[in-house]
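Q: I am new to this structure and would like to be walked through it. Could we take it topic by topic?

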Amino acid sequence: MQDHIVIIGNGISGVTTARHIRKASDHKITIISAETDHFFSRTALMYIYMGHMKYEHTKPYEDYFWKKNRIDLKRAFVEKVDHEHKQLQLSGGETMSYDKLVLAVGSKPNKFGWPGQDLDGVQGLYSKQDLDKLEANAPDNQTCKRAVVVGGGLIGIEMVEMLLTRDIPVTFLVREDSFWNGVLPPGESAMINRHIKSHHVDLRLGYNLDSILPDDNGRVRAITIKETGEEIECNVVGLTAGVTPNIDFLKDSGIELGRGIKVNPMLETNIKDIYAIGDCAEQHEGINGRRPIEAVWYTGRMMGEALAQTLTGRPTPYNPGHWFNSAKFMDIEYQTYGWVFSNPKEGNTHFHWIHKDDDKCITIEMEEGTRKFIGINNFGIRMRHELFDRWLNEERSTDYVLEHLKDANFDPELYDHYEKEILAEYNKQYGTSISPKKKSWKRIFA
């Protein structure tokens, strides 16, 4: 029998689910989205504003792909889920029935009740609509003479970089004493502080937004800082203090909610035939030490792949394996594999190396006695994910990892390499005498 599988949300998790269901079955599939007609790469939004891409370049599939693969697209907003009758109430009074429902509704920017947070010119940076707003609010440095970005995470620094490409001065308000220091160890966080300032950003560490002030037309004209009362004139305020699952429309649905939509490792909610994936899904307990909610692109994709198997008769739990992630801090690339905490966990220690140019560094977390490898952060040096994943599975020592670090490096030809410098510092700190092994393609692709 064919089921009608309805997916609310056309982001990476929802679209991955649809694609993999279609590969394995003839089920009827409908994707509902109120954001855009077609799936696009959310991580590429910034490059549209920066002039590197056009919107159509961010769509991984041609518009004909959906009809060809018998995936129906519906542009609508879902107002209510009626699980007893397996029916959705859509905006405009329309309804849609389903046999199985996948909630892939993503996140929305946090707001913390700041006075003026809903003024014109105040916005987040999450959706295509947010990008369109930024284009209208800050097309150039004549219309927007200064912007204030509130929140020191990855979205915040992206927005700062975007505005700088149009020569718009930016004040970056970060409540922590050092940028992203709840995630990054002190040496890395301090390096990123210096890097942000080197781009002529007015970085304000340890300060909180107090209020957003309007002009006579209801647009933002300034913000005030809580700690000092200082008033900073601006034409745009970017609210980038994290995101929260987009679940308001589910409050009276009977679906169990916490911060997100509660699911088990099979991605099932408490209601039969309703599932949740991506940013909006909240595990009852984090898997493999991960957070219960993972607002990360690749985990959304992995959830979609796992759920599609379940929905086509091959029950598959979500098992994301070792933690990894990547990002970019302006022109410094960042990767992390395994666990590196801002402060080492009890019984662990950090090895930290930073290059004299102050734009490349690594931090390794390891067990203090055995020096068992727990994880690595690397900035400005590209490393192979698959290799670190293997070393973590094999429970290698940090000595072994550094001895074979050349295998992990995949910077392009003619790039400088730093394995000797890193190993020299490690030998100095730990009294070892390790020499780097020559790169071996046989080992790399074993």
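A: The answers below go through domains, sheets, single residues and salt bridges in turn. Please keep in mind that this is a predicted model.

Q: Into which domains is the chain divided?
A: The protein chain is divided into domain 1 (4–108 + 244–311), domain 2 (122–241) and domain 3 (324–445).

Q: How far apart are the C-alpha centres of domain 1 and domain 2?
A: Those centres lie 30 Å apart. The contact takes 15 residues from domain 1 and 15 residues from domain 2.

Q: What area is buried between domain 1 and domain 2?
A: About 1300 Å² is buried there, and carbon and sulfur atoms give 65% of it.

Q: Which three residues of domain 1 supply more than any other three?
A: They are Leu45, Met46 and Tyr49, which supply 52% of the area that domain 1 buries against domain 2.

Q: And how many salt bridges are there between domain 1 and domain 2?
A: The count between these two domains is zero.

Q: Changing topic to sheets: what is the order of the strands in the open sheet that contains strand 14?
A: Three strands form that open sheet in the order 13-14-15, with antiparallel pairing. Strand 13 (209–214) and strand 15 (231–233) are the edge strands, each pairing on one side only. From one strand to the next, the twist averages 25°.

Q: How many bridges join strand 13 to strand 14?
A: Five bridges join strand 13 to strand 14 (residues 220–225). As an example of residues facing each other, leucine 213 stands opposite alanine 222 in strand 14.

Q: What is the order in the open sheet with strand 5?
A: The order is 4-5-6, again three strands with antiparallel pairing. Its edge strands are strand 4 (78–82) and strand 6 (95–97), and the twist averages 20° from one strand to the next.

Q: How many bridges pair strand 4 with strand 5?
A: Strand 4 and strand 5 pair over four bridges, and valine 78 stands opposite leucine 90 in strand 5. Strand 5 (residues 87–90) also pairs with strand 6, over three bridges; here leucine 88 has methionine 96 as its bridge partner in strand 6.

Q: What lies between strand 4 and strand 5?
A: The two strands form a hairpin with four residues between them. Lysine 86, in the turn, has a positive phi of about 50°.

Q: Which residue of aspartate or glutamate type does the side chain of lysine 86 meet in a salt bridge?
A: The partner is aspartate 273, at 2.6 Å from N to O. Lysine 86 lies in the loop between strand 4 and strand 5 and aspartate 273 in the loop between strand 18 (261–263) and strand 19 (274–276), so the salt bridge ties together parts that are 187 residues apart in sequence.

Q: Are lysine 86 and aspartate 273 buried or exposed?
A: Lysine 86 is partly exposed, at a relative accessible area of 25%. Aspartate 273 has a value of 12% and therefore counts as buried, the cut-off being under 20%.

Q: Which residues share a network of salt bridges?
A: Asp3, Lys86, Lys100, Lys272 and Asp273 are joined into one network by salt bridges that share partners. In the whole structure, a search finds 31 salt bridges.

Q: Where is aspartate 26, and which residue does it pair with?
A: Aspartate 26 forms a salt bridge with arginine 70, with the closest N and O atoms 3.6 Å apart. Aspartate 26 sits in the loop between helix 1 and strand 2 (28–33), while arginine 70 sits in the loop between helix 3 (65–68) and strand 3 (71–75), 44 residues apart.

Q: Now helix 1. Where is glycine 14, and is it buried or exposed?
A: Glycine 14 is in helix 1 (residues 12–24) and is buried, with a relative accessible area of 0%. Leaving aside residues up to four places away in sequence, glycine 14 touches Ile7, Gly9, Ala104 and Ile277.

Q: Lastly, which way do the residues of strand 16 point?
A: In strand 16 (residues 236–239), Val236 and Gly238 point one way and Val237 and Leu239 the other way, and all are buried. Strand 16 pairs in the parallel sense with strand 9 (residues 122–123) over two bridges, and four bridges join strand 10 (residues 147–150) to strand 16, also running parallel.

Methods:
Residues numbered from 1 in each chain as written. Predicted model: local features only at pLDDT ≥ 70, side-chain atom pairs only at ≥ 80, totals over all residues. Heavy atoms only, no water. Pairing = 2+ DSSP bridges. Axes fitted to C-alpha atoms, helices over the stretch in contact; angles between N-to-C directions. Buried < 20%, exposed > 50% of the residue type's maximum accessible area, 1.4 Å probe, protein only. Domains from an automatic or database assignment. Contact = heavy atoms within 4.5 Å. Buried area = accessible area lost by both parts, 1.4 Å probe. Salt bridge = Lys/Arg side-chain N within 4 Å of Asp/Glu carboxyl O.
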